[in-house]
Amino acid sequence: MTDTRIDGFLDGRLRISQPARGYRAGADAVMLAAACPARPGQAVLELGCGAGVASLCLGWRVPGLAITGLERQADYADLARANAAANGVALNVLTGDLAAPPEALRGAMFDLVMMNPPYFLGGTPAPDAGRATARSEQTPLAAWIDAGLRRLAPGGWLTVIQRADRLDGVMAALWGRAGAVTVLPVAARAGVPAGRVLVAARKGARSPLRLLAPLITHAAPRHDRDAEDLTPLAARVLRGGAPIDMGIAKVS
């Protein structure tokens, strides 16, 4: 892929090459990485890693991880490998489809799995093929959750970011297979319905669901000028690379 641009993440601490006209990861990928409860020495899998933004944000925050990314689109997988090398973050990128994983992934087990599945069920596809594949669901959401749970070791944590109106699909796919489910709504402004949800679930757990107070990303009550107005917490996460406390360390 030659038509790319460099985007800065975590206040420029990471410089990541992404398609100039195709799908580009943004705040959702950074929040996904921030919500992943990884500790040094653990093995992490990201399904659908794209150009590597979430994996690289996680690897920057938590040293000593063994991170693997699976990406269906070969040109995005190549970008992820190049971005990892350019930013000095160890990331093993596999090219393949989660519905038919490559041999190197079959039988492998991970302490944590994270994913940002495509948000849209239908509608007019984006003119760029890469963007259309990344944003429009071709593999069902339930298959994404199933693939993640299959790769998780017992007691491992699955972390997902998804549109809020698709929370029911995430919950249905987790039913009977993972518990200690923690849901963090993400809203653009106070008093506005959540547009995203971060969901963490532990494989094999039976603890009840926990619904957290929403994470508000913007401080102003409405968008009326082109200036950044992140809340202090959002700024710490999106600019400083701080973790999002899902409180799951307290869940048995």
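The following dialogue asks why certain terms apply to parts of this predicted model.

User: Why is Q42 called buried?

Analyst: The relative accessible area of Q42 is 14%. Buried means under 20%, so Q42 with its 14% is buried. Q42 is found in the loop between α1 and β3 (43-47).

User: Which residues are in contact with Q42, leaving aside its neighbours within four places in sequence?

Analyst: Q42 is in contact with P37, G64, L65, A66, D111 and L112. Contact here means heavy atoms within 4.5 Å.

User: What makes the pair Q42 and R39 a polar contact?

Analyst: A polar atom of the side chain of Q42 lies 2.8 Å from the backbone nitrogen of R39. The cut-off for a pair of N or O atoms is 3.5 Å, and the distance of 2.8 Å is within 3.5 Å.

User: Why are α1 and α2 called oblique to each other?

Analyst: Helix α1 (residues 27-35) and helix α2 (residues 53-61) pack at an angle of about 40 degrees. Angles under 35 degrees count as roughly parallel, and 65 to 115 as roughly perpendicular. An angle of about 40 degrees belongs to neither range, and α1 and α2 are therefore oblique. Their axes are 8 Å apart, and the crossing is right-handed.

User: Which residues make the contact between α1 and α2?

Analyst: From α1 come A29, V30, L32, A33 and A34, and from α2 come V53, A54, C57, L58 and R61.

User: What makes α5 oblique to α6?

Analyst: The axes of helix α5 (residues 141-151) and helix α6 (residues 167-174) cross at roughly 40 degrees and come within 9 Å. Roughly parallel requires an angle under 35 degrees, so the crossing at roughly 40 degrees makes α5 oblique to α6. The crossing is right-handed. L141, A142, I145 and L149 of α5 make the contact with G169, V170, A173 and L174 of α6.

User: Which residues touch the most other members of the largest nonpolar core?

Analyst: Of its 50 residues, M31, V44, L58, L198, I244 and M246 do so. Helix α1 supplies the largest share of this core, seven residues. A second, separate core has 27 residues, including L45, L149, V160 and L174.

User: What is M246 in contact with, leaving aside its neighbours within four places in sequence?

Analyst: M246 is in contact with A35, T182, L184, L198, V199, A200, R210 and L212.

Key. Residues numbered from 1 in each chain as written. Predicted model: local features only at pLDDT ≥ 70, side-chain atom pairs only at ≥ 80, totals over all residues. Heavy atoms only, no water. Core = buried A, V, L, I, M, F, W, Y, C linked by side-chain atoms within 4.5 Å. Buried < 20%, exposed > 50% of the residue type's maximum accessible area, 1.4 Å probe, protein only. Helix = DSSP H or I, 4+ residues; strand = E, 2+ residues; numbered from the N terminus. Polar contact = N/O pair within 3.5 Å; in protein donor to acceptor, adjacent residues only side chain to side chain. Axes fitted to C-alpha atoms, helices over the stretch in contact; angles between N-to-C directions. Parallel < 35°, antiparallel > 145°, perpendicular 65-115°, else oblique. Left-handed = near helix turned anticlockwise from the far one by under 90°.
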